[in-house]
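Me: I would like a close look at a single part of this structure. Which residues surround the ligand, and how many are there? Please also put that part in the setting of the whole chain.

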Amino acid sequence: MTVVDGGRAPQTARRFSGQITATGSPIPIDRSELAGLSVRCMDCGTVTPGDRPISLCPVCGGLLDAVIDIGSPMTPASFGQGLSPHLARSGVWRYRALLPAIPEAAIVTQGEGNTPLYVDDRLAAYAGLRAGSFGVKHEGHNPTGSFKDRGMTVGVSHAVAVGAKIVACASTGNTSASLASYAAAAGIPAMVLIPEGKISGGKLAQTIAYGARVVQIEGDFDIALRLLRELTASHDIYLTNSVNPFRPEGQKTIILELFEQLGWDVPDVITVPGGNLGNTAAFGKAIDEAYAVGLISRKPRLITVQAAGASPFARYFTSGWQTYEPMHAETVATAIKIGDPVSTPRARRTIEQTNGYVTMVTDAEILDAKALIDQVGIGCEPASAASLAGARKLVAEGIIGPDDSVIGILTGTVLKDTDAVMQYHMGDDADGHRRQLANRPIRVDATLDALARLLDTVIEAGPVATDNDALAGNV
Ligand code: F0G
C-alpha cells in the first residue's frame with residue numbers, strides 16, 4: 001500500500017513494530033519447533049513431551065512441572081540478551097533463559113511485568129518491622145491489573161504453539177480477565193467458568209469486555225474448576241488454570257524480577273496470599289532454580305497467607321502435613337475464596353524447600369491492612385493485603401524476626417474490587433469490628449463559608465483520615 005502526501009512522491013506506508021504487536025489470528029507453528037518443551041511429574045518423575053495441551057501426568061495423574069535447563073551456571077547478564085526488543089521489554093520474557101522454549105512466533109505478550117517495588121515505612125511500622133525493611137512488589141501494575149498476566153502470557157503462548165482451538169479457565173475473576181485479554185490478542189476463543197454472583201463487578205466487566213464467553217456456574221469456584229477439568233479430560237480444550245504446568249512458569253518471574261530489583265540479594269522472607277496456590281508453587285520453583293544456577297546464594301523463606309475462611313492449606317500445615325481437608329470457602333477476599341486448592345502438593349514442596357510457613361488471617365485483619373496500603377497511596381485489592389496482614393501477625397507471634405527484611409506480594413490493583421472499598425469506608429461497623437481507617441466523604445453546605453471553615457480543620461487533622469464525620473461536625 002502507498003500513501004500520497006501533498007504533492008510529494010508516493011511512499012511505502014509505515015508499519016509499526018510495537019512493543020505489543022497483535023495480529024488477531026494465531027500463527028501456525030511446526031510441531032518440530034516444540035521439541036525443546038517437556039514436563040515432569042512431581043510424583044513419579046515421568047518426563048512427557050510438552051508439544052500438546054497437558055495438565056496431569058499421563059502415567060500416574062500427578063501434577064506436572066515444566067522442565068527447565070538448569071545444568072549450567074547463570075549470571076544476571078543471562079537475561080535480556082539476544083532477545084527481540086519486544087521480548088526484552090517484557091518483565092516475563094526477558095527471563096527467557098529460565099522459561100520453557102516456546103517458539104518466538106507463538107509468543108503473545110503485552111509487555112507484562114516490570115512492576116514496582118514500594119518501600120514504605122508506615123507499612124513496616126504496621127507490620128512491626130524496622131524502617132526500610134518492609135516492601136511490597138505490586139503486581140497490580142500489569143496490563144489487566146493482576147499478576148495473572150505474567151502466567152497468562154506463557155500459558156496462552158503455549159496454547160498458540162500447540163495449535164489450541166479454544167482456551168478456558170475457571171476463575172474467581174482475575175484469571176478470567178487476564179485470559180480474556182490474552183486470548184483476544186492471540187485471536188483464540190476463550191471460555192471462562194465463574195461462580196455466579198461471587199466475583200467482583202470490575203473483574204466480571206473486564207472479562208466480558210475483552211470478549212470471552214462467560215459461563216456462570218451455580219456453585220463456587222471449586223465446583224467450577226472441577227467441572228472444567230472433567231470437561232477438559234474428554235474434550236479438546238486448552239486449560240489455563242495453574243494446574244497447567246506452563247502458566248506458573250510466567251509467575252516465576254515475579255520472584256526473578258524481585259531478586260533483580262534487589263541486586264540479586266534476597267530478602268529474609270517473602271509473604272504471598274494463597275488461594276489456588278499457583279503462586280506459592282511457582283515461587284518455590286523460581287527460588288529453587290535461581291539457587292541451582294547460582295543467581296542467589298541463599299533462599300528466602302516463603303510464607304503463604306490464607307484467609308481464615310478459606311484456609312485448607314494453612315490447616316494442613318498446622319497439622320504437620322498430616323491432615324488435608326477441603327472446606328467450604330467464605331471470605332471477603334473473593335479472589336482467594338477457594339476451599340480445595342489444586343496446587344496443594346506443589347505448594348507444600350515450596351514451603352518445605354524454603355523452610356517456609358503458612359498462616360491465616362481474618363477478614364477484619366485483611367480489610368484493615370488493605371485500608372492502610374490504600375491510604376499510603378499504593379492501593380490493592382483485598383486478597384493482596386493478606387501479605388501485610390500475615391506479616392504483621394507472624395511478627396507478633398515471633399515467627400518473623402523483628403530484624404528480618406520482608407517483601408509482601410500485592411497481587412491485584414485497588415480498582416479490581418471497588419465494592420470492598422465502598423463497604424469499608426461507607427458501610428457501618430455491623431460486623432462488630434471498628435473500621436479504624438474509614439474515610440467517609442464529608443458533607444457540607446454548598447457555601448464558600450462552610451468550605452473555608454472545613455479547610456482549616458482538614459489541614460489541622462493531617463493526611464491520615466481519622467474521623468471525617470467529626471471533622472464535618474466541626475463545621
Ligand atoms: N490474589 C489475587 C488477587 C488473586 O486473584 C488470586 C487468585 C490470588 C491472590 C491467589 O493466587 O491462586 O496462585 O494462590 N485468583 C485466581 C483467579 C484463583 O481465578 O483469578 P494463587
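The reply below starts at the ligand and then works outward through the chain.

Reply: The model is predicted, so local features are given only at pLDDT of at least 70 and side-chain atom pairs only at pLDDT 80 or more, while totals for chains, interfaces and linings use all residues. Residues are numbered from 1 along each chain as its sequence is written.

The ligand is surrounded by 23 residues, where a residue counts if its C-beta atom, placed from the backbone, lies within 6 Å of the molecule. The closest are Ser 171, Asn 174, Gly 275, Asn 276 and Thr 411. By residue type the shell holds 16 polar, 5 nonpolar and 2 charged residues. In this scheme Ala, Val, Leu, Ile, Met, Phe, Trp, Tyr, Cys and Pro are nonpolar, Asp, Glu, Lys and Arg are charged, and the others, Gly among them, are polar.

Two helices, α4 (174–186) and α8 (278–292), each give the shell at least two residues. The largest share, 3 residues, is that of α8. Helices and strands here are DSSP runs numbered from the N terminus (helices: H or I, at least four residues; strands: E, at least two).

Next, the strands. β8 covers residues 167–170 and runs parallel to β9 (residues 190–195), with 4 bridges between them. One pair across these strands is Ala 168 and its bridge partner Met 191 in β9. Both strands belong to an open, parallel sheet of 4 strands in the order β10-β9-β8-β11. Its edges are β10 (213–217) and β11 (238–239), each of which pairs on one side only. Two strands pair if DSSP finds at least two bridges between them.

β12 spans residues 269–273, and 5 of its 5 residues are buried. A residue is buried if 20 or more other C-beta atoms lie within 10 Å of its own, exposed if 12 or fewer, and partly exposed in between, with C-beta atoms placed from the backbone. On one side of β12 the buried residues are Val 269, Thr 271 and Pro 273, and on the other Ile 270 and Val 272, so both faces are covered. That split fits a general pattern: in a regular strand the side chains alternate between the two faces of the sheet. β12 pairs in the parallel sense with β13 (residues 301–307) over 5 bridges, and Val 272 stands opposite Thr 304 in β13.

A link back to α8 comes from α10 (residues 344–353). Its buried residues pack against α8, β13, α9 (312–318) and β14 (357–361); contact means that two C-beta atoms, placed from the backbone, lie within 7 Å. Thr 344, Arg 346, Ala 347, Arg 348, Thr 350 and Ile 351 are the buried residues in question. After α10 comes Asn 355, with a positive phi near 50°.

Helix α12 (residues 386–396) is also mostly covered, with 10 of its 11 residues buried. Charged side chains are among them: Arg 392 and Lys 393 are buried in α12, as are residues including Leu 388 and Val 395. Gly 398, just after α12, has a positive phi of about 80°.

Cys 60 offers a contrast. It sits in the loop between β4 (47–49) and β5 (64–66), and it is exposed, with 11 other C-beta atoms within 10 Å. Apart from neighbours within four places in sequence, Cys 60 is in contact with Cys 41, Asp 43 and Cys 44. Gly 61, in the same loop between β4 and β5, is exposed as well, with 10 other C-beta atoms within 10 Å. The C-alpha atoms of Gly 61 and Cys 41 are 8.4 Å apart, at a sequence separation of 20 residues.

For the chain as a whole, the count is 15 helices and 15 strands. Its radius of gyration, over C-alpha atoms, is 23 Å, close to the 23 Å of the globule rule for 475 residues, so the chain is as compact as a globular protein of that length; the rule is 2.2 Å times the number of residues to the power 0.38. Buried residues make up 49% of the 475. Of the contacts with a separation of 6 or more, 69% join residues 24 or more positions apart.

As for confidence, pLDDT is the predictor's own value for each residue, from 0 to 100. The chain has a mean of 93, and 93% of its residues reach 70 or more. Over residues 1–6 pLDDT stays under 50, and the model has 10 contacts beyond four places in sequence for them. Where pLDDT is low, the predicted coordinates should not be read in detail.
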